[in-house]
Amino acid sequence: MMPPSPTAADHGFPRHLEGRLVTAHAVWDNTRITIDEAGVVSTVEQTPGIGDITWVPGFVDLHNHGGNSGAFPSGTTEDCRRAARYHRTHGTTTLLASLVSATGDELARQAHRLHPLVGEGLIHGIHMEGPFVNPGKCGAQNPAKIMPGNPDVFARVIDASNNTVRSITFAPETDHVDELLQLCANHNIIASLGHTNADYATTSAVITRARELGVTVTATHLFNAMPPIHHREPGAAAACITAARHGQAHLEIIGDGVHLADGTVDMIMAGGNPSAFAITDAMEAAGLADGSYKLGGLDVTVNTAVARLTTTDGSTGSIAGGTTTLLEQFTRFAARHSLPEAVAFTSSNAHAVLGQPTTLQDSTKPEDPTAIVGKPIDLVGIAPNHTIHAVHSAR
């Protein structure tokens, strides 16, 4: 059964949301939130004995290739719209549609197809994962489409997207890094470092240059498609973790139990790390049965909900994106931690990467939920069985 329609308009106004309200800082039981026809909170009241729904800020996914048979790297605008709606109905109210390595023509064409979804409020923008990555760490990227850093190609895609590119993944060791960073600075684009063999010093130097330009830095799916940390060769992963501890970078974490063990996620999130956040890296198979699929033109086989590149020689193919939603990652993380920590992991920390703190994060005092009155808000209602009850988006 599909979750309820994601838009508040389908439920009439005023809309009353009842149950437990959870933010990254606090939990309020027995809360009634009234939303007016403009999508703004008009009242917040606490009344004993109402509702068993848990309301949390809308999930934020900054790395997502699709779902429900829609592929952001290759689908039509309608295919991409279907993928975005799938994740919206599962609670993701802010999403970056991720491309994969491709030619300049292909990237520009796909960016042009995607940018109308920004105006519709279905996606927040576009994430270019490649093509300026290390072919030795291509993962599920097509090695034939990888190229050295090319500012002209990057600028062309930005233009084709109508300036809706919000993030780009490139390897710190690629060519023309300074020019790529300057374009990021000029267009307010996140520089996400990944698919790399770079050492600690090279990665740290790129982070420093980015910060000098005022560019936000993230690590693309930390630990995946980069060398493992060795005590004498810490590499890119350690450089990104160190920078994050100093507030100079942020860390993408795929908390699905496949890309990273739960213990690895817990190590990075220890102490309520505000610099790390969940992503799905979802591909078109998200929400569908095991079987054969595509990612950027490469064949993918999904078996027991794990997506890997299809092989013909009996070997195990590289992991090819994810199949979870952020709702599933929220539930998995909350089973090991508190609800506020799970909200930070799947919502608040990623909102901060965008420079757009959630209304709840920015305005709510721990002792006073009424601070959200008069503000637009994205909220996801989760039923006791961990399914979606309803999604309210201010957009």
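1. Let me start at the β16/β17 pairing: asparagine 303 sits opposite valine 306 in β17. Strand β16 covers residues 298–303, and four bridges tie β16 to β17 in the antiparallel sense. Keep in mind throughout that this is a predicted model.

2. That pair belongs to an open sheet of three strands, ordered β15-β16-β17, with antiparallel pairing. The edges are β15 (291–295) and β17 (306–309), each of which pairs on one side only. From one strand to the next, the twist averages 35°.

3. Now the eight-stranded sheet. What is its strand order? Reading across, we get β5-β8-β9-β10-β11-β12-β13-β14, in an open sheet with parallel pairing. Here the edge strands are β5 (59–64) and β14 (276–278), both pairing on one side only. The twist in this sheet averages 25° from one strand to the next. As a general reminder, strands of a sheet pair through backbone hydrogen bonds, either parallel or antiparallel.

4. At the β14 edge, have a look at the partner strand β13 (residues 250–253): three bridges join β13 to β14, and the two run parallel. For a landmark there, glutamate 252 stands opposite phenylalanine 277 of β14.

5. Still with the eight-stranded sheet, helix α3 (residues 151–160) lies across β9 (125–129) and β10 (165–170). The angle between α3 and β10 is about 155°. If you want to find this spot on screen, β9 and β10 sit next to each other in the strand order.

6. Toward the start of the chain there is a run of antiparallel pairing. Strand β1 (residues 15–22) and strand β2 (residues 27–35) are joined by seven bridges and run antiparallel. They make a hairpin, with four residues between the strands. Within it, histidine 16 has threonine 34 of β2 as its bridge partner.

7. β2 then pairs onward with strand β3 (residues 41–46), again antiparallel, through five bridges. Arginine 32 finds its bridge partner in glutamate 45 of β3. β2 and β3 also form a hairpin, this one with five residues between the strands. Which residue in that hairpin takes a positive phi? Glycine 39 does, with a value near 80°.

8. On to a helix pair. The axes of α1 (residues 77–89) and α2 (residues 104–119) come within 9 Å and cross at roughly 50°. Parallel or oblique? The two helices are oblique to each other, because an angle of that kind falls outside the roughly parallel, antiparallel and perpendicular ranges. The crossing of α1 past α2 is right-handed.

9. Who makes that contact? From α1 come Thr77, Cys80, Arg81 and Ala84, and from α2 come Gln110, Arg113, Leu114 and Leu117. By residue class, the contact of α1 with α2 splits into four nonpolar, two polar and two charged residues.

10. Finally, the overall picture. The protein chain carries 10 helices and 19 strands. Its radius of gyration is 20 Å, close to the 21 Å that the globule rule gives for 395 residues, so the chain is as compact as a globular protein of that length. Taken along the principal axes, the C-alpha atoms fill a box of roughly 60 × 40 × 40 Å.

Notes:
Residues numbered from 1 in each chain as written. Predicted model: local features only at pLDDT ≥ 70, side-chain atom pairs only at ≥ 80, totals over all residues. Heavy atoms only, no water. Pairing = 2+ DSSP bridges. Axes fitted to C-alpha atoms, helices over the stretch in contact; angles between N-to-C directions. Contact = heavy atoms within 4.5 Å. Parallel < 35°, antiparallel > 145°, perpendicular 65-115°, else oblique. Left-handed = near helix turned anticlockwise from the far one by under 90°. Nonpolar A, V, L, I, M, F, W, Y, C, P; charged D, E, K, R; others polar. Rg over C-alpha atoms; globule rule 2.2 N^0.38 Å.
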